[in-house]
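The following paragraphs lead through one protein model, region by region. Please keep the sequence and the coordinates at hand while reading.

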Amino acid sequence: MFLTHTWYVAARSDEVGGGQPLGRKICNHAMAFFRDSAGAVHAVEDFCPHRGAPLSLGRVAGDTLVCGYHGLAMGGDGRTVSMPCQRVRGFPAIRSFPVHEAHGFIWVWPGDAARADLAALPAFEWLGNPAFGYGGGLYRIACDYRLMIDNLMDLTHETYVHAGSIGQKEIDEIPCSTRVDGDHVITERHMRGIEAPPFWQMALRMNGLPHDQPVDRWQICHFTPPSHIMIEVGVALAGHGGHEAPDEVKAASWVVDFITPETDTSIHYFWGMARRFKPRDEALTEQIREGQGRIFAEDQEMLERQQQNLLAWPQRQLLMLNIDGGGVQSRKVIERLMAAQA
């Protein structure tokens, strides 16, 4: 059910360091991530070839990952380097996975290593761009990764799930439009002359703008394979062009959503916000990160209970409405690419 010949975010850079490995399951593959003495990140199966113990329960020594059960030392290429009082030349190699570290994230390629292509790494406007400030976090959510894609490509749920932060009635009242450009799905909604909801009132104040004047608000959701969603969001003082308004009259950001499947019914959700205003203000970054983290936490119970219902009633057919266009088209892209991969 996953695209595997592609790059997924496996971890934030700060999660892998020191003398301890990181165990993480990606697309049903148990992996152990560690840094060698030069700081390079490696990923191998989380499986010691001796007795099957998880290598992630071990420690890092120099350029090797040492199993915490009997001391077998594993290299980043999946080959056993040494083991106390044992000859290891005939030990079978375990699988290693291509990894790449960039812009604060560690990416992994869970498919055929021979097909790993750095040119296929995604490029987004905010990644590595000093004009943006970024803060984010990670949630593990017990749902099919496609349910999160549906959630993020249909923001009408904000009116109900996020009523006290970013939701407002105008999201329900103003229709969205969806279009497809190759593998890129775009769903957008523009709301003009409305009151800013609480989260965006805070953002306006933090950007030195009045929070009690009418604003134009936009939500432009971008899906790209395998499961990345970037959402252009923001508000501008009304009458200045909305999304196209100059920076001095608006608070604009990208909502960052890297959705990495863990299993068939669970995900690692790397969330964040890359903002175009006051990018070097670390206190503002933390304030927005905390606020955004609370907002995304509101989705977790809904998605997990939705997943439980779908597992309990697999025969039930779900309704497809016009607001579901972004999620439906995103799934079609995934299905087409999975068929090509097969």
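Proline 226 sits in the loop that joins S15 to strand S16 (228–237). This is a predicted model, and in it the peptide bond from proline 225 to proline 226 is cis, with omega near 0°. From proline 226 the C-alpha distance to valine 180 is 15 Å, with the two positions 46 residues apart along the chain.

Valine 180 belongs to strand S13. Its relative accessibility is 42%, so valine 180 counts as partly exposed, the range for that class ending at 50%. Leaving aside residues up to four places away in sequence, valine 180 touches Val185 and Gln329.

Strand S13 (177–181) also helps to cover the buried residues of helix H6, as do helix H1 (145–153), strand S14 (184–194) and strand S15 (215–224). The residues of H6 that are buried are Gly325, Gly326, Gly327, Ser330, Val333 and Ile334. H6 consists of 17 residues and reaches 24 Å from its first C-alpha to its last, close to the 24 Å expected at 1.5 Å a residue.

Arginine 331 is also part of helix H6 (residues 325–341). Is arginine 331 buried or exposed? Neither class applies: with a relative accessible area of 26%, arginine 331 is partly exposed, because buried requires a value under 20%. Beyond four places in sequence, the residues touched by arginine 331 are Arg146, Leu147 and Asp150. The C-alpha atom of arginine 331 is separated by 41 Å from that of threonine 80, 251 residues apart along the chain.

Helix H1 is mostly covered, with 7 of its 9 residues buried. These are Tyr145, Leu147, Met148, Ile149, Asn151, Leu152 and Met153.

Another helix pair is formed by H4 and H5. The axes of helix H4 (residues 198–206) and H5 come within 12 Å and cross at roughly 175°. That angle is over 145 degrees, so H4 is roughly antiparallel to H5. On the H4 side the contact is made by Phe199, Met202 and Met206, and on the H5 side by Leu284, Gln287, Ile288, Gln292 and Ile295.

Glutamine 292 lies in helix H5 (residues 282–312). With a relative accessible area of 2%, glutamine 292 is buried. Where does the side chain of glutamine 292 reach? It reaches the backbone oxygen of glycine 272, at 2.8 Å. Not counting residues up to four places away in sequence, glutamine 292 touches Gly135, Phe199, Val255, Trp271, Gly272 and Met273.

The nonpolar interior comes next. The largest nonpolar core has 67 residues, and those with the most contacts inside it are Phe33, Trp200, Ile259 and Tyr269. Apart from that core lies another, of 16 residues, among them Trp7, Phe132, Met230 and Ala274. Phenylalanine 33 touches residues including Val16, Leu22, Val41, Val99, Ile106 and Val108, with neighbours up to four places away in sequence left out.

Two cysteines have positive phi values. Cysteine 27 has a positive phi of about 50° although it is not a glycine, and its place is the loop between strand S2 (22–26) and strand S3 (29–35). Phi of cysteine 85 is near 65°, and cysteine 85 is in the loop between strand S8 (80–82) and strand S9 (96–97). Cysteine 27 counts as buried, at 5% relative accessibility, whereas cysteine 85 is exposed, with a relative accessible area of 83%.

Methods:
Residues are numbered from 1 along each chain as its sequence is written. This is a predicted model: local features need pLDDT of at least 70, side-chain atom pairs count only at pLDDT 80 or more; totals for chains, interfaces and linings use all residues. Side-chain values use heavy atoms; hydrogens and water are left out. A nonpolar core is a set of buried Ala, Val, Leu, Ile, Met, Phe, Trp, Tyr and Cys residues joined through side-chain atoms within 4.5 Å. Buried means under 20% relative accessible area, exposed over 50%, partly exposed in between (1.4 Å probe, protein chains only). Contact means heavy atoms within 4.5 Å. Helices (H or I, at least four residues) and strands (E, at least two) are DSSP runs, numbered from the N terminus. A polar contact is a pair of N or O atoms within 3.5 Å; within protein, one must be able to donate a hydrogen and the other to accept it, and residues adjacent in sequence count only if both atoms are side-chain atoms. The expected span of a helix is 1.5 Å times one less than its number of residues. Axes are lines fitted to C-alpha atoms, for helices over the stretch in contact, and angles run from 0 to 180 degrees between N-to-C directions. Angles under 35 degrees count as roughly parallel, over 145 as roughly antiparallel, 65 to 115 as roughly perpendicular and the rest as oblique.
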